[in-house]
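Visitor: I'm new to protein models. Could you show me how to read a few features?

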Amino acid sequence: MDRVYLLAQPNSGKTTLFNLLAGESCYVANWPGKTVEVFQAKIRHHGKEFLLIDLPGINSFKTLGKEEELTKEFILKESDGVTLILLNGESLYRSFYFAIQVLEMKSKAILVINKSDYLEKKGVHVNLQVLKERLGVEVVQISALHGIGINQLLDRILDVLEGRIKVKRLKIDYGALESYIERAEKIVGDRSVAIRAIEGEEKILSTLPNEKRVAIEEIKKEIGEKIANPEEMIAMYRYKFVEELLNSAVREVKVAKASFEEKFDKIFFSKFGWIVSIFILFSTLLMAFTINTGFPLNLLLSSFGYESIADLLEEYSLAGIISLFFELLSKLLEQYIPDSIIKDLLINGIIAGIGAVATFFPLILIVNFFMSLIEDSGLMTRIAVSMDRFFAFFGLTGKSVFPFGINMACNVPGVMTSRILETDGERLRVALASPFVICQARLLVIILLVVFFLTSPILQSGIIVSIYLISTLIFLLITKFYGKFFKEETSELMLEIPPYHFPSLRVVWWITWMRSRSFIFKVSQLLLLFAIFAWLMEYLGLANMVGAIIATAFSPIGLEDPRIGFALLMGFFAKELVISSLAISFGTADLMRISAELSLTIPEATALIFFIAFYTPCAATVSALFAEIRNYKLVLFSIITQLLIAYLLAFSIFLILNSF
Amino acid sequence: MITLGDAKGRVRIREIIGEKDFVRRLADMGLAPGQIVEVLSQGNAVVLRVRDAKIALGKGIAKRVVVEVEDEHG
Ligand SMILES: Nc1nc2c(ncn2[C@@H]2O[C@H](COP(=O)(O)OP(=O)(O)OP(=O)(O)O)[C@@H](O)[C@H]2O)c(=O)[nH]1
Ligand SMILES: [Mg+2]
């Protein structure tokens, strides 16, 4: 089938257009050789079918991430198919600079200027005929958001596919460099390859035989000596070309007046912009938390005496409804299936496992939804900018605030959100450090233990606050440490700030769903496996034995009870299981009685709480981490680090408190 | 020597200090020698208007872009 590639810089509206054209028919394919997901869809127009392929957005020909690497490889190597170059109407100048570079290499292309609605509002008129003559390709103007010009675009695609349109490659005048380019062309045999080679493009240079490489280097040196640095010269001529092109093809009819955008941005980009950002993030997270579990609004309400409302909120929160459903399901099975090992596996292994996946899912969906809203409205880049200074201390960019904030809700989407970061290095570091951020599930366990195992209110709140402070500090320090350890260069912020706009719910929902479903398909399988494993241990009666072995490791801090050991093992699968496992082994759900029976000293109880706060959050996070970085050695390494740090912290707090 | 890390108002880019990959990445964002940019803010990151686009740079990157003052009243 004919292939049509969608190529654009980030934020051009590629996803919006793809969603409009492909609708539900889209599927995600893992690109051969790379582990990057690429969207594909079969499109039918006037009885003809073609395959539309959505390549990852690429900012620059000097690529950073592995996704951009894939796109670059396509531009340089793929020779079949039609390329749709999508231009961002909001920043035409830069979009054209990108587009002409593609046009130098690809002739079977169509230029698609997106966001025509924005251009219209701004009073910018683009003369498509002039562009077409100058660039030698079809040019169409569309609005992916409002579905304008789409039919015309599809018609042009068919025209090019069926060879009805004559196409030729773009030739840019490089002035003083031309004679050198001609010489290089004689060596490598192709003008665009020659230009890329002079620019020092490694992907091109590495394919050349040695003597040709040397000859090119010779030419580059000559340019450097006689004129100036070749990369800068080429960039300069390209900008000149774009400037002339836009001067002749673009007219601004109205002068746009300073809008609310400027006023808003004044606040965001000031020294105190981070206060606004933290406020926005905080209220968003609060909203997501409350919809999911009712917490912390339920606590707030009950502390003001509105217990009945608080209960209602908890009961009708998503997590409440889902766990109710699974409880009912187990009860039903309990009644109708005869006793056997199968029944036990079904109820205590599989349903418990699926239940765990299901209760996670809403939170992931909600968090992804709010994230997409923030992203699509243009707020995300502003928040990243305002937080950049702070994160730069630790070799991260301001964008890291997103995975960090989401980790406070749940580490699974937190790990997955590391994807949005700029470089592979930053992604890896943030993903690996994510488990140290205290998630909601852990917070609940911590609160329960703190309330029942420690009596002094000062100690209770002191411990929770210090756990949060320490966790933030560890997250930041660990990212810095991993940076040093993997010799990753620190990444720095460099991004385009789009205009604000009202998010399109259709697109936001689509992005939310695409991101969330990778949780179902990738993470949940592993999670189920862990759940069945845990069931097997219990079934074979190994629990107590294993608990005792684990407990010996904790005897230096006074936690030698095997029931605690086993609870900690279960907590590795999911933190909530710490409480239920204690309840099962003590034969009571009353934490008061469990606490009395254990009779831990204050240092011992605090050490236990600290360990629980900082060791591996859950099996789902481990699975998500693996799905994201696909390197089991690194995942193993990170688990060991988590256990080690948690143990050291528990040990230190034990020693400190004991010395009073 | 003024850099984008401490400039205000309209400036012309004179030189970008760094290896060639870095230079090219900036050029692709519209930051090439000879280009005129407007510094909008020097808060927690440097925000610039480059032609019809708004661009944010981390302080570290901004300090490597040498500029000269173009005209104070833009
Ligand atoms: N005004 C206007 N905005 C649009 C149009 N098409 C897309 N957008 C907006 O532009 C922004 C970027 O759109 P996306 O579809 O996410 O762009 P993308 O190219 O997939 O971006 P990346 O995935 O980050 O590379 C979103 O806020 C869209 O709502 C359009 O035709 N008009
Ligand atoms: Mg996209």
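Guide: Let's look at salt bridges and then at empty space.

Guide: First, this is a predicted model, where local features need pLDDT of at least 70, side-chain atom pairs count only at pLDDT 80 or more, and totals for chains, interfaces and linings use all residues. Residues are numbered from 1 along each chain as its sequence is written, chains are lettered from A and ligands numbered from 1 in the order written, and side-chain values use heavy atoms, without hydrogens and water.

Visitor: How many salt bridges are there over all chains?

Guide: Side chains of opposite charge can pair when their charged atoms come close. Here the count is 33, taking a side-chain nitrogen of Lys or Arg within 4 Å of a carboxyl oxygen of Asp or Glu. Take A:Arg382 and A:Asp265: their closest N and O atoms are 2.7 Å apart. This pair links distant parts of the chain, 117 residues apart.

Visitor: Is A:Arg382 buried or exposed?

Guide: A:Arg382 counts as buried because its relative accessibility is 0%; A:Asp265 is buried too, at 3%. (Buried means under 20% relative accessible area, exposed over 50%, partly exposed in between, with a 1.4 Å probe and protein chains only.)

Visitor: Which residues are linked in a network of salt bridges?

Guide: A:Glu104, A:Arg196, A:Glu199, A:Glu201, A:Arg238 and B:Arg24.

Visitor: And how much space lies in the largest cavity?

Guide: Rolling a probe the size of a water molecule over the atoms shows where empty space is left. The largest cavity holds about 120 Å³, and its lining has ten nonpolar, two polar and no charged residues.

Terms used. 1 Å grid on protein atoms, 1.4 Å probe; cavity = no way out; pocket = protein on both sides within 12 Å on 5 of 7 lines; lining within 4 Å. Points joined across faces, edges and corners; volume = space filled by probe spheres on them. Nonpolar A, V, L, I, M, F, W, Y, C, P; charged D, E, K, R; others polar. Helix = DSSP H or I, 4+ residues; strand = E, 2+ residues; numbered from the N terminus.
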